Every structure is written in C-alpha cells, then in structure tokens.
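Here are a few exercises to work through with the viewer open. Try each task before reading its solution.

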Amino acid sequence: MSVQKIKFLIAGAVILSGFAYLGISGFQSENLVYFLTVDEVSQKAPTLGGRGIRVQGKIVPKTLQKNPDAMQLAFHIQGEKGTLPVSYKGVPPDLLENGFPVIAEGKLDAKGVLVAKNLMVACPSKFEEMKDAGESMPTDHEAMMKEAVKRKQMSEAR
Amino acid sequence: MIAIQFGHYSLLASLVLAVFGIGACIFGALKRRADLIAAGRNAAVGVFWLVSGASACLIYLLMVRDYRVEYVAGHVNNTLNGFYRFSAFWGGQEGSLLLWLLLLCVYAYVVIRQNRDRNLELMPYVTATLMATALFFLVILNFVTPPFDTLTAPPADGRGLNPLLQDWGMVIHPPNLYLGYVGFAVPFAFCIGALASGKLDTDWITSTRRWTLFAWFFNGVGILLGGAWAYKELGWGGYWAWDPVENASLMPWLVGTAFLHSVMIQEKRGMLKVWNVSLIIITYALTIFGTFLTRSGIISSVHAFANSSFGWAFLVYLLVALVISFGLMIWRLPELQSEHEMESFFSREASFLLNNVVLVGITFAVFWGTIFPVVSEAVKGVKVTVGPPFFNQVNVPIGLLLILLCGAGPLFAWRRTSRKQMNRSFIYPSVVAVGALLVLALFGVRHVYAALAFGLCAFVVGTIVLEYWRGISSRVRHQGERIARAAWELTMRNKRRFGGYIVHLGMAILFVGVAASSAYQEVGEVRLRLGESFALDGVRMRYEGIRESTTPQYRSAFARLGVYRAGFRIGEVEPEKRLYFTPPQPTTEPGIRRGARSDIYAVFAEADPDGTATFKFMVNPLVNWVWAGGVVFTLGSIVCFLPERWGRRRKKRA
C-alpha cells in the first residue's frame with residue numbers, strides 16, 4: 001500500500017469519525033420525543049423529567065379552561081385509568097373543544113402537568129387514512145359541522 | 001363505462017407486455033438474437049401506449065366526474081373546478097402511482113427512440129431495467145391499489161380534494177418532483193446495462209449525462225416548490241421542517257448531486273468507478289424508498305404499515321433491486337478498477353471525493369433520523385419522533401463544510417495544485433470571506449453558525465466572480481470582445497463549467513436565505529382588539545378590520561392589518577381563515593408581505609364575536625433569497641442542459 005493511500009485512508013477515517021460523532025451526539029434525549037399514553041405517563045412520571053413526550057387522547061369533558069386574553073389553555077386528557085393535566089400557552093389550534101381528540105407535545109413540570117409546546121387537534125380530515133382503516137365518518141364530524149355552523153352564525157351576527 | 005373498462009384492461013395488458021418485454025430483452029441479449037431484442041423493445045413501446053391510454057382514461061373520468069369510479073368519487077366533487085379536477089389525477093394514492101408509471105413509460109419511450117442506433121449492447125438491458133421498474137408499479141396498480149375500481153352505489157357528489165392541496169403550488173409540485181424521481185431511473189438503467197453487458201467504459205455515463213441533469217434539476221425544483229407551498233399554505237411560518245415526506249425528496253437529490261460531481265472524475269481520470277455505480281444504485285433505491293415513505297404511511301405508524309400489503313410490496317421490490325444491482329456490481333468488480341490513484345489532497349479529485357462523502361454523510365444522517373422512529377418501534381417497542389433539532393444539530397456543521405467545498409472544489413487543479421496556483425486562486429475569495437465576516441461582526445451578527453454560513457457564501461461568490469473575471473479579461477484582451485459579450489461567450493463555450501458556477505452561485509444565495517431566516521426569525525403571538533397594534537422587530541401591525549366572503553367550496557374570514565415601519569404605512573396584510581365545506585376542514589392562509597429584507601408573515605388564528613382576534617406574527621428575514629437562489633439555480637441548470645453548440649457566436653467567414 002502506497003504512502004499516499006494510507007494518508008487518504010487516515011483522512012477518510014478522521015472525517016467519518018467526525019460525522020459519526022455528530023450523528024451520535026445528535027441522538028441526545030432532548031432531540032427525541034417519546035410517544036406515550038396517558039397511563040404510561042402517570043406510571044413513569046418520575047423518570048420523564050426533562051424528556052420530550054407526546055400524548056394523544058380526548059379532552060375530558062368540562063375540563064377545558066380557556067383564558068383568551070392571556071392566550072392560555074388548560075385541560076385534562078382522558079386515559080384508560082386516569083387523566084393527565086395539560087397546559088398550553090399560545091395560539092390555540094382550530095376546533096379545540098371538550099371531547100375532542102388532541103395531541104399534546106411538551107415536557108412534564110414538577111407538579112406532573114404536561115406543559116405543551118405544541119398542541120394539535122387530531123383532525124378527522126384525513127379521509128384516505130380512515131378509508132384505509134375501514135372507518136366510517138367519525139362522530140367528530142358532527143361536532144365539526146356544528147362548529148362550522150356556529151362560526152357562520154357568529155359572523156352573520158356581526 | 002368504456003373509459004373505465006379500457007383503463008382497467010390497459011393496465012392488465014401492460015402488465016403482461018412488460019413481463020414479456022423483460023424476458024425478450026434479457027434472453028435476446030444473452031443469445032444475441034436481434035429479433036427477440038426488437039420484440040422486447042416493441043413491447044416496451046406498447047406498454048407506453050397502453051399506460052398513456054389508461055392515464056388519459058382516468059383524467060377523462062375525473063373531468064366528467066364519473067362517480068362510479070371510487071377514485072373519482074374520493075377526490076373530486078361537484079364544486080371543484082376543472083384545473084383541480086385535472087390535478088386530482090395525482091391527488092391520491094392510486095393516481096399518483098399511475099403518474100409515476102406514466103412518466104417512467106414516457107422516459108422509456110424517449111430513451112428507446114434516442115438510442116435506436118446507439119448503445120446497442122446496453123439497450124436490451126436498459127429496456128429490461130426500465131420495464132422491471134414499470135412492472136413493479138403495474139403489479140401495485142393492478143392488484144393492490146387499482147385506480148379503476150368501481151362503486152356499487154355511486155354517490156351524487158364526491159368527497160372533494162383535500163383543501164390543502166387546492167393551491168397551484170401543490171398542483172405542480174408532485175409532477176415536478178416525480179419528473180425528477182423517475183428520471184433517475186434512466187441513468188440507473190444504463191448503469192445496470194453497463195454492468196450486465198460488460199461494456200464498462202464511460203459510455204453509460206456520457207449517454208445519460210443530460211438525463212441525470214434533468215432528473216436532478218426537477219428533483220431540486222420539486223423540493224423548492226414543496227418548500228414554497230409549505231411556506232404559503234401551511235401557516236407555521238417556515239418552509240422546511242425535516243418532515244419524513246420532505247426528507248424523502250431531499251435524499252435522492254443529495255446522492256444525485258454526489259453522482260453528478262463524481263462522474264466527472266470518472267470521465268476525466270477513470271477513477272471512482274465502483275463509487276459511481278454505487279451512487280446511482282443508491283439514488284434509484286432512494287427514489288423508490290421515497291415513494292414508499294410518502295405512500296405507505298409507515299412513518300405515522302408501523303402497525304398501519306404492517307397491515308398493508310402495499311408497504312411490503314415496496315420493501316420486497318427495493319430489496320430485490322438492491323440485491324440484483326449490487327450483485328452485478330460485485331460480479332464486475334475486477335473490471336471496475338481505478339485507472340489512476342489519488343495524488344494529492346489539494347486536487348480536484350480529492351475535493352470532489354470529499355464533497356461526495358459530505359453529501360452521502362448528510363443523506364445518511366437524514367435517512368437515519370427519518371427511519372429511527374420505525375426502527376425504535378419495531379425493535380424496542382418505544383414510539384418516538386426525531387425532531388428538527390436532531391437534523392439541524394447534525395446537518396448544519398456538515399452543511400457548512402459543503403458550502404466551503406462548493407467554493408473551494410473548482411479552484412483546485414486536476415491531479416495536484418501547486419502552491420503558486422493555490423495562492424493565486426484562494427487569496428481573493430478568502431479576503432472577501434474574511435471581509436464579509438468583519439462587516440457582519442460590526443453590524444452585530446453574533447450567531448456563530450449564521451455568521452459562518454454568510455462568510456462561506458461570500459467565499460463561494462468570491463470564487464465564482466474571480467473565475468468569471470479571469471475568463472472575461474482574457475477574452476477581452478485576446479478576442480477584443482466587450483465585457484457582456486465576453487461573459488456570454490465564456491459561459492456558452494464552457495457550459496458545463498460555468499453553468500455549474502451559476503448553480504453554485506444559486507446555492508450560495510439560497511444558503512444565505514436559509515441561514516438568515518432560521519437564525520433571525522422573530523415570532524410574536526398576540527390578541528388584539530380592533531384598532532390595536534403590535535410591534536415586532538421594528539414593524540408595527542395594526543388590526544384594522546375583518547371581512548367575510550363565501551365561495552362554493554369554503555367560507556372565509558379575513559383580518560386586515562396595516563403594516564407600519566418607522567411610523568410610515570408600508571402596506572397591509574390580510575391573513576385568512578377558511579372553512580371548507582366538503583370535507584369540512586379549517587385551513588389557515590397566512591397574510592404575507594414579501595420583501596427583499598424580510599417577509600412579514602401574519603396568521604389569523606381566531607376571532608371572538610366582538611371582533612377581538614388572536615394572531616401569530618413573524619418577521620422572516622431574507623426568505624426571498626431562498627427563492628431567488630432557486631431561480632439562479634434554475635438558470636445555471638438550463639445552461640448546463642443546453643446543447644453543446646447552442647449560443648456560440650459562429651466563426652466569421654474567411
């Protein structure tokens with residue numbers, strides 16, 4: 001093997017290990033978000049400090065509190081056994097209502113409240129997916145239509 | 001009914017013809033039987049006509065809203081206009097796979113016509129490879145997601161097209177991306193042709209140079225259009241989120257870029273043959289993988305995937321294609337030896353090789369981040385997502401190295417660069433870069449990555465200006481041309497080189513935009529009563545009113561906001577909230593005031609009955625540079641693509 005070839009191999013190894021370092025260090029836990037159910041969160045709560053988690057579930061009826069002027073929201077998500085309190089500050093997503101399925105992403109605070117950075121309504125609009133899953137129009141559809149009508153009345157009243 | 005039947009049976013007949021074509025081509029090539037090869041070629045042409053017919057049928061059915069067809073009922077409705085009815089052709093799973101197949105067949109047809117008297121040893125295998133790809137899509141379209149399935153009880157109205165797709169950007173984005181995706185099948189097929197026939201010179205590369213460029217260009221433009229659409233339509237204020245679908249379009253482009261560069265080394269120096277073969281195989285595999293990723297739903301859930309035969313078909317095909325391709329490559333390894341050895345780190349070869357390693361490195365990081373959730377769920381049962389922080393943390397440093405190489409690569413000479421040449425080439429661009437950094441520091445740019453990106457982009461621009469300056473001044477001296485003429489002649493006489501520089505210039509402009517808009521975005525969320533205003537980054541937005549409108553598809557509310565800078569009204573934005581009727585879905589149409597310095601981006605979240613409204617405001621610096629970079633990238637690619645002789649001044653008659 002020529003000296004030149006060895007030089008190139010060493011250079012290549014240095015570069016590749018640089019990439020590998022970047023790649024491995026990128027996989028720190030703060031760059032990952034774990035999908036958990038409400039019940040898993042309550043079980044594992046002590047170990048979840050500082051970790052990004054993503055929880056999906058329906059808003060427990062009558063728990064939704066809106067403070068529009070401070071742009072804050074709080075509600076509980078329903079699990080199979082318990083519920084999980086969630087708080088959120090920012091522009092609320094469309095169609096957020098009691099009983100709706102939501103996806104909340106954020107971190108647990110010391111009191112066990114999920115402080116959501118992202119909040120989405122698990123929107124039943126993806127007809128294709130539902131068709132593939134063999135579902136019919138979701139019951140939420142009615143709620144959505146109600147919302148549409150409400151908005152219409154609201155705007156006409158103005 | 002005829003159109004439905006015709007479409008259905010065309011696809012079935014195509015399947016049979018494709019199988020026959022593959023067999024005839026391969027057997028004919030092995031036994032050296034010209035009649036069989038001709039029969040295989042004709043079969044491929046037949047597949048082209050049949051698939052075109054089937055596509056025409058589906059478009060016709062969409063245009064006349066024939067709701068007996070499930071696909072039509074699922075993707076258009078009575079209120080959808082003709083433009084979007086046409087675009088519904090690729091608005092759903094079945095249609096977009098048919099579009100893939102259609103483009104592939106068109107390319108196969110063009111390749112066959114182009115090569116009637118050329119590349120005779122390669123062509124049977126090329127045709128067979130293209131038909132094998134077509135066969136895969138035909139199997140899917142015939143047995144897994146048939147587009148011509150009918151409903152027993154046709155509805156009176158269809159479900160309509162997803163509102164988010166009702167935008168011109170989304171209409172041209174998928175075909176554009178597919179033009180690129182599918183285009184990579186051609187150089188891949190020639191590579192397989194070379195491996196199978198043993199004709200391993202550079203013919204397969206030179207014959208497909210334009211095809212590669214074509215595919216790469218449309219893939220790139222497709223990515224940009226996707227970004228432009230996300231920015232304008234999705235309302236979160238950015239254009240790139242490292243979403244699996246975006247990653248799927250980026251990966252083949254990255255490896256394609258590496259391929260585009262490294263084939264030059266094989267053409268010039270006969271090196272990196274195995275590497276080039278691997279790159280094009282990987283590019284092809286990534287285009288199939290990308291289609292799989294966007295179409296199988298594997299990323300949203302492994303379980304959804306495991307239940308669909310669709311996903312497995314893709315994986316099996318991918319595996320078979322990879323095993324055959326790399327198998328052929330290993331079989332030919334002894335004939336793929338390098339003709340030369342790398343001589344110096346400071347050579348064109350070495351810098352291109354490093355550029356390749358960097359591009360493949362980024363691809364690998366993106367790939368790993370994209371599939372990690374799937375791997376994690378399948379192996380550990382833990383469901384995770386990998387967010388943008390991972391991709392940025394890994395890719396930004398590697399990307400900066402890439403910008404450096406984008407400037408430095410062309411400055412190195414082939415084989416080795418002497419100290420004197422190095423000084424001559426590097427001094428001015430480096431001075432420009434350092435100067436730019438100092439100026440930026442004076443103006444208070446403290447974001448390290450952004451500053452580095454700006455400095456390196458200045459370096460790239462410096463190298464291009466220097467190259468142009470050298471060429472122009474020499475032509476002005478020796479040919480007595482004026483400067484503009486000299487610049488034109490210089491570009492037209494060295495299209496590949498100077499077209500490449502223009503592409504690099506476009507990328508530098510684009511990266512400035514990316515760095516500025518990601519490092520210096522300002523965001524504010526606020527609730528305003530009518531007449532109140534909100535200030536962000538020196539811009540004041542005053543909430544002036546609300547108005548409503550209704551179209552057959554949706555009703556919408558607009559919030560009008562006056563935009564003020566330094567007390568002067570510089571314009572207004574009207575973010576909109578829409579509510580579509582079928583399917584009932586709200587969408588957010590941001591109000592954007594575009595500017596060379598920064599975009600003002602307003603999102604109207606909701607309004608109370610008394611008119612008090614919630615907004616999200618963003619000031620996005622230099623976003624227009626991203627699109628401007630895209631335009632320059634397009635111009636450069638066109639220059640590279642032009643025929644060799646085009647645009648040169650004819651020699652004066654003696």
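Helices here are DSSP runs of H or I with at least four residues, numbered from the N terminus. Keep in mind that this is a predicted model.

**Exercise 1. Find where B:Arg32 sits, and decide if B:Arg32 is buried or exposed.**

Start with the location: B:Arg32 belongs to the loop between helix 1 (2-31) and helix 2 (34-63) of chain B. Next, look at the backbone: phi of B:Arg32 is near 55°, a positive value in a residue other than glycine. Finally, count neighbours. A residue is exposed if 12 or fewer other C-beta atoms lie within 10 Å of its own. B:Arg32 has 9 C-beta neighbours inside 10 Å, so B:Arg32 counts as exposed.

**Exercise 2. Do the same for B:Trp242: locate the loop and work out the exposure class.**

B:Trp242 is in the loop between helix 10 and helix 11 (244-269) of chain B. Phi is positive here too, at about 55°, and B:Trp242 is not a glycine. For the class, the count is 18 other C-beta atoms within 10 Å, which makes B:Trp242 partly exposed.

**Exercise 3. Describe how helix 10 and helix 11 of chain B pack.**

Two packed helices are described by the angle between their axes and the distance between the axes. For this pair, the angle is about 145° and the axes are 9 Å apart. The crossing is left-handed. On the helix 10 side, the contact residues include B:Trp216, B:Asn219, B:Gly220 and B:Ile223; among those of helix 11 are B:Trp253, B:Gly256 and B:Leu260. Sorted by class, the contact of helix 10 with helix 11 in chain B has eight nonpolar, eight polar and one charged residues.

**Exercise 4. Now take helix 10 (residues 209-234) and helix 21 (residues 623-641) of chain B. Are the two roughly parallel or antiparallel?**

First get the geometry: the packing angle is about 170°, and the axes lie 11 Å apart. Angles over 145 degrees count as roughly antiparallel. Helix 10 and helix 21 of chain B are therefore roughly antiparallel to each other. The handedness of this crossing is left-handed.

Then go through the contact. From helix 10 of chain B, the residues include B:Phe214, B:Phe217, B:Gly220 and B:Leu224; from helix 21 of chain B, they include B:Trp627, B:Phe633 and B:Ser637. The class tally for helix 10 with helix 21 of chain B is ten nonpolar, four polar and one charged residues.

**Exercise 5. How far apart are B:Arg485 and B:Ser637, in sequence and in space?**

Place B:Arg485 in helix 19 (residues 483-493) of chain B. B:Arg485 counts as partly exposed because 15 C-beta neighbours fall inside 10 Å. The separation from B:Ser637 is 152 residues in sequence and 21 Å in space, C-alpha to C-alpha.

**Exercise 6. Sum up chain A: which elements, which order and which domains?**

Chain A has four helices and seven strands. Reading from the N terminus, the order is α-β-α-β-β-β-β-β-β-α-α. The domain assignment splits chain A into domain 1 (1-29), domain 2 (32-123) and domain 3 (124-158). The C-alpha centres of domain 1 and domain 2 of chain A are 42 Å apart. As for burial, 22% of the 158 residues of chain A count as buried.

Notes
Residues are numbered from 1 along each chain as its sequence is written. Chains are lettered from A and ligands numbered from 1 in the order in which they are written. This is a predicted model: local features need pLDDT of at least 70, side-chain atom pairs count only at pLDDT 80 or more; totals for chains, interfaces and linings use all residues. Axes are lines fitted to C-alpha atoms, for helices over the stretch in contact, and angles run from 0 to 180 degrees between N-to-C directions. Angles under 35 degrees count as roughly parallel, over 145 as roughly antiparallel, 65 to 115 as roughly perpendicular and the rest as oblique. A crossing is left-handed if the near helix is turned anticlockwise from the far one by less than a right angle, and right-handed if clockwise. Two residues are in contact if their C-beta atoms, placed from the backbone, lie within 7 Å. Ala, Val, Leu, Ile, Met, Phe, Trp, Tyr, Cys and Pro count as nonpolar, Asp, Glu, Lys and Arg as charged, and the others, Gly among them, as polar. A residue is buried if 20 or more other C-beta atoms lie within 10 Å of its own, exposed if 12 or fewer, and partly exposed in between; C-beta atoms are placed from the backbone. Domain bounds come from an automatic or database domain assignment.
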